[in-house]
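Me: Hello! I am new to this structure and would like to get to know it through a few questions. Could you show it to me?

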Amino acid sequence: MIAGYETTSTALACSTYILATNPKVQDKLIEEIDQIKWDDRSHDEDTYELVMNLSYLEIFVREVLRMYPITTKGQVRQCNQTINISGHIIEKNSIIQPDIFSIHYDPDLWGPEDPNLFIPERHLAKRHPIAWMPFGVGPRNCVGMRFALMELKMCLIELLQQYRILPSDKTEEGFQLREKISIGPDAVFIKLEKRSV
Ligand code: HEM
């Protein structure tokens, strides 16, 4: 339940916060979604293709998960042989936990734009292969990754086809990140404005 629901719903909550506080990003996303001729679909496979080809939605979701990597605690490994990495001896059986926030906010990996800013376009540049690791890496990474990305994109499309997301007086107040099993905000207070399309 935690792996499958808590993660995706928290990512969706963070996405709505970003949309409410970055109106230009929301405009671009709505423009991309509105260009799709959803009525032309004859099979479910067509929906998959259409959604996967939305390039701005792809980099939007990637940027949300860069700034808000939800399950950093889950990424733990046990070292199976003593090894020297850049002069640091890591003993056999040591437990290793990478600090995902430091990786995701490292200016050397994510610059030249300030990693504290939400800029989806930074994902268009070639980056280190594991600079982005919200789903972990290697043979034990997240088995639900492709499903989660599809689910997130479908929810955002459904939402933005009908509503514009606006901030409320309490948006910043609620968005305090806390580490429990996952890392997420206390609350996301937004307003929904029905779109006239
Ligand atoms: C935005 C959504 C999600 C994020 C950020 C996320 C993140 C992660 C991370 C970081 C890991 C640990 C990977 C590692 O140790 O290298 C993991 C493992 C796992 N995730 Fe996800 N996950 C998400 C959605 C899902 C969904 C939707 C499912 C199931 C439908 C799922 C099922 C699992 C399972 C079963 C594992 C354990 C895999 C193993 O140990 O072999 N996750 N996830």
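Reply: With pleasure. One definition helps from the start: Ala, Val, Leu, Ile, Met, Phe, Trp, Tyr, Cys and Pro count as nonpolar, Asp, Glu, Lys and Arg as charged, and the others, Gly among them, as polar. Please keep in mind that this is a predicted model.

Me: How many nonpolar, polar and charged residues does the shell around the ligand have?
Reply: The shell is made up of 19 residues. Sorted by class, two of the shell residues are charged, nine are polar and eight are nonpolar. In the order you asked, that gives eight nonpolar, nine polar and two charged.

Me: Which helix supplies the largest share of the shell around the ligand?
Reply: Two helices, α1 (2-21) and α7 (145-162), each provide at least two shell residues. The largest share is four residues, and the helix they come from is α1.

Me: Which residues come nearest to the ligand, and which of its atoms does R77 approach?
Reply: The residues that come nearest are A3, T71, R77, R140 and C142. A backbone N or O atom of A3 is 3.1 Å from a ligand nitrogen. R140 places a polar side-chain atom 2.6 Å from an oxygen atom of the ligand. For R77, a polar side-chain atom also lies 2.6 Å from a ligand atom, and that atom is an oxygen.

Me: Which residue is the protein donor of the iron atom of the ligand?
Reply: Look in the loop between α6 (107-110) and α7, where C142 is found. Its SG atom is 2.3 Å from the iron, and the only protein donor is C142.

Me: What kind of space does the ligand take?
Reply: Picture the protein atoms alone, with the ligand lifted out. The space that the ligand takes is then the largest pocket.

Me: Why does S182 count as buried, and which side chain does it contact?
Reply: S182 sits in the loop between β6 (177-179) and β7 (183-185). Buried means under 20% relative accessible area, and S182 counts as buried because its value is 6%. Its side chain has a polar contact of 3.0 Å, and the partner is the side chain of E6.

Me: Is A148 buried or exposed, and how far in space is it from T8?
Reply: A148 belongs to helix α7. With a relative accessibility of 11%, A148 counts as buried. A148 and T8 are 140 residues apart in sequence, while their C-alpha atoms are 6.3 Å apart in space.

Me: Is L19 buried or exposed?
Reply: L19 is part of helix α1. In space, L19 is 9.3 Å from L29, C-alpha to C-alpha, and ten residues separate the pair in sequence. The relative accessible area of L19 is 0%, so L19 is buried.

Me: Which residues does a cis peptide bond join?
Reply: Most peptide bonds are trans. Here there is a cis bond with omega of about 5°, and one partner is P112, found in the loop between α6 and α7. The cis bond joins G111 and P112.

Me: Is S86 buried or exposed?
Reply: S86 lies in the loop between β2 (83-85) and β3 (88-90). It has a positive phi of about 50° although it is not a glycine. Exposed means over 50% relative accessible area, and at 71% S86 is exposed.

Definitions and conventions:
Residues are numbered from 1 along each chain as its sequence is written. This is a predicted model: local features need pLDDT of at least 70, side-chain atom pairs count only at pLDDT 80 or more; totals for chains, interfaces and linings use all residues. Side-chain values use heavy atoms; hydrogens and water are left out. A residue is near a molecule or strand if one of its heavy atoms lies within 4 Å of it. A polar contact is a pair of N or O atoms within 3.5 Å; within protein, one must be able to donate a hydrogen and the other to accept it, and residues adjacent in sequence count only if both atoms are side-chain atoms. On a 1 Å grid over the protein atoms alone, a cavity is a set of points where a 1.4 Å probe fits but cannot get out, and a pocket is an open set with protein on both sides within 12 Å along at least five of seven lines; lining residues have an atom within 4 Å of a point. A molecule sits in a cavity or pocket if more than half of its atoms lie within 2 Å of its grid points. Donors are N, O and S atoms within 2.8 Å of the metal (3.2 Å for Na, K and Ca); water is not among the atoms, so sites may look incomplete. Buried means under 20% relative accessible area, exposed over 50%, partly exposed in between (1.4 Å probe, protein chains only).
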